[in-house]
Structure formats: C-alpha cells, structure tokens
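Q: Please give a close reading of one hairpin in the structure shown below. I would like the account to begin at its turn and then to place the hairpin in its wider setting.

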Amino acid sequence: MTSPRKHLVKDFNHFITCYVCKGYLIKPTTVTECLHTFCKSCIVQHFEDSNDCPKCGIQVHETNPLEMLRLDNTLEEIIFKLVPGLREKEQQKEIEFWRSRKSKENGEDGPRSKRSRLDADNDDGGDGDYHRSDPQIAICLDCLRNNSLVEENIVRGLMKKFIRCSTRVTVGTIKKFLSLKLKLPSSYELDVLCNGEIMGKDHTMEFIYMTRWRLRGETDYPMVLEYRPRIDFG
C-alpha cells in the first residue's frame, strides 16, 4: 500500500505568500472587489498611492479603496499552523513596534502606556484574559449630538467615556459594548465614526488608528471615536 505523500510548506507558498512583499501573509487582508489577498500593511501602504489592486490592476474604489478590505482571520490561523514560530515572531515584532513609539505621543508611551491605560467601566481585574496580552490602546467614545434626531433621548453620552482595549478589538465589538452600556434594544443600530467617517464593523482599533487617525495628522491621544444612531441614507 502506498504511503500518503507528505506535503512541504513550500508546496503551499503560492496560497500563503503576499504578492507585494513576497513574504508570508501577515494579517491577510482580502480586496472584496477581486478577492486577492495581501499582508494588511502591504495593501494599506499600496492604497496610499493607488486605488488599483496591485495584482490584477482592477480599480478597487474611486476614492476610498480601504473600505473594500476585509481581514481573513481563518487564513491567518491556517498560515500560523503551517509555518512554525511565525505567530510568536510577529507578536514580538508588534510589541517592539509599540515600544518604539513611547516617546512620540506627547511624552506618553503610546497604546501600551500605563499612563494611557484608562479603565473601562467594569474592569474588575478578574482572571479572564480578554486579550490583555495583546498590545493595548486607549480610546475615547464620544456621543455625536444631532438635535434633528428623535433618537437623541435614547443614545446619550457615557458616564465614563475612556476605555482601554486590545488593538484587535473590532468596531462591531465596540457597538456591542455601547449597546450594553446604553441599554439599547437588541434591534437598535449605531454608527461609529472616526474623523467624521463611518467605520466598518470589521475594522480593528489598530487599523483605524493607523489609517484614519495617525495618517490624517492627528497627534492627540487617546484616539477619539464618535457614535450616533444609525442614519439610513436609502
């Protein structure tokens, strides 16, 4: 009986390497228009100069191609299983990146700074991990007022609007947090904005910080996110 063939990692390189940097996909991010996948940092940097897919050349979006990106967490886990030590290596690089920013945020340590660690309402210091081993970021959640909206009596400001969370937390999780704190009905929808732009539910805090806050010249810390009742433009 013939023994099954053993596959080497290089047999899968075509599927798990980035077209831009030629290395293994780190935080693989897919362009929804053409389904090509790249390292998140590679494609974000590419879109600073071009609105076209670097692989097939299709125009991703006329003005804001970053809105057409989606993280592929499943592919990320597959790559980490195929390539031994890659996860640990990237985690260490991320930690070193945030440490290198310690003197650049008005004398504060950046997202991992103890001075910037503003407690959430119910941070009880329990045994749960809650991604506390991840790089942390402090954010400010401001209620965006609009007197023309009837829902203003439902959506109000938080008593404690500063929170500290993992940089991997998504906008969808922030919306759930706000709904719980504001005791909103389960069917109630919120918009979360950064610099006046509505953020997608899959955007992480790190992604928003790097592409919407820092790259637009914001130097204040913590990062400010605004929320409001969802507006239907249909």
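A: In the hairpin formed by β1 and β2, five residues stand between the strands, and Leu35 adopts a positive phi near 65 degrees. The model is a predicted one, and the values below are computed from it. Most residues other than glycine have a negative phi.

The two strands of the hairpin, β1 and β2 (residues 37–39), pair in the antiparallel sense, with three bridges between them. Within this pairing, Thr30 stands opposite Thr37 in β2. β1 also pairs with β3, again in the antiparallel sense and over three bridges. In that second pairing, Thr29 faces Leu71 of β3.

The side chains of β1 divide between two directions. Pro28 and Thr30 point one way, Thr29 and Val31 point the other way, and all are buried. In a regular strand the side chains alternate between the two faces of the sheet.

The segment that leads into the hairpin also contains positive phi values. Lys22 is located in the loop between α1 (13–16) and β1 (28–31), and its phi is positive, about 70 degrees, although Lys22 is not a glycine. With 59% relative accessibility, Lys22 counts as exposed, because the cut-off for that class is over 50%. Lys27 belongs to the loop between α1 and β1 as well. Its phi is positive too, near 50 degrees, and Lys27 is likewise a residue other than glycine. Here the relative accessibility is 22%, so Lys27 counts as partly exposed. The value falls between the limit for a buried residue, under 20%, and the limit for an exposed one, over 50%.

An annotation covers this region. The unreviewed UniProt entry lists residues 18–56 under "domain: RING-type". In the model, the end C-alpha atoms of residues 18–56 are 13 Å apart, and the span is 18% helix and 18% strand.

Thr29 of the hairpin also takes part in a cavity lining. A search of the whole structure finds one cavity of 30 Å³ or more, and the volume of the largest cavity is about 70 Å³. Its lining consists of Thr29, Lys40, Leu69, Arg70, Leu71, Asp202, His203, Thr204 and Phe207. Strand β3 (residues 69–71) supplies the largest share of that lining, namely three residues. Leu71, the residue opposite Thr29, is therefore a lining residue as well as a bridge partner, and the cavity lies between domain 1 (9–82) and domain 2 (136–145 + 154–229), since both give residues to the lining. By class, the lining comprises three nonpolar, three polar and three charged residues. Rolling a probe the size of a water molecule over the atoms shows where empty space is left.

The second domain brings another sheet into view. Five strands form an open sheet in the order β5-β4-β8-β6-β7, with mixed pairing. The edges are occupied by β5 (162–166) and β7 (197–198), each with a single partner strand, so one side of each is left without a neighbour in the sheet. Strands of a sheet pair through backbone hydrogen bonds, either parallel or antiparallel.

Within this sheet, β8 (residues 223–229) is mostly covered, five of its seven residues being buried. Strand β4 (residues 136–143) runs parallel to β8 and is joined to β8 by five bridges. Strand β6 (residues 190–194), by contrast, runs antiparallel to β8, with four bridges joining the two. Glu226 of β8 appears in both pairings: Asp142 stands opposite Glu226, and the bridge partner of Leu193 in β8 is also Glu226. Leu193 in turn has Ile198 as its bridge partner in β7. β6 and β7 pair in the antiparallel sense over two bridges.

For the chain as a whole, there are six helices and eight strands. Read from the N terminus, the elements follow the pattern α-β-β-α-β-α-α-β-β-α-β-β-α-β. Of the 234 residues in the chain, buried residues make up 39%.

To return to the hairpin, the picture joins several features. Leu35 carries a positive phi between the strands, the named residues of β1 are buried, and β1 pairs with β2 and with β3. Thr29 also contributes to the lining of the largest cavity.

Technical notes. Residues are numbered from 1 along each chain as its sequence is written. This is a predicted model: local features need pLDDT of at least 70, side-chain atom pairs count only at pLDDT 80 or more; totals for chains, interfaces and linings use all residues. Side-chain values use heavy atoms; hydrogens and water are left out. Buried means under 20% relative accessible area, exposed over 50%, partly exposed in between (1.4 Å probe, protein chains only). Two strands pair if DSSP finds at least two bridges between them. On a 1 Å grid over the protein atoms alone, a cavity is a set of points where a 1.4 Å probe fits but cannot get out, and a pocket is an open set with protein on both sides within 12 Å along at least five of seven lines; lining residues have an atom within 4 Å of a point. Grid points are joined across faces, edges and corners, and a volume is the space filled by probe spheres set on the points. Ala, Val, Leu, Ile, Met, Phe, Trp, Tyr, Cys and Pro count as nonpolar, Asp, Glu, Lys and Arg as charged, and the others, Gly among them, as polar. Domain bounds come from an automatic or database domain assignment. UniProt positions are given in the numbering used here, feature names are shortened, and annotations may be inferred rather than shown by experiment.
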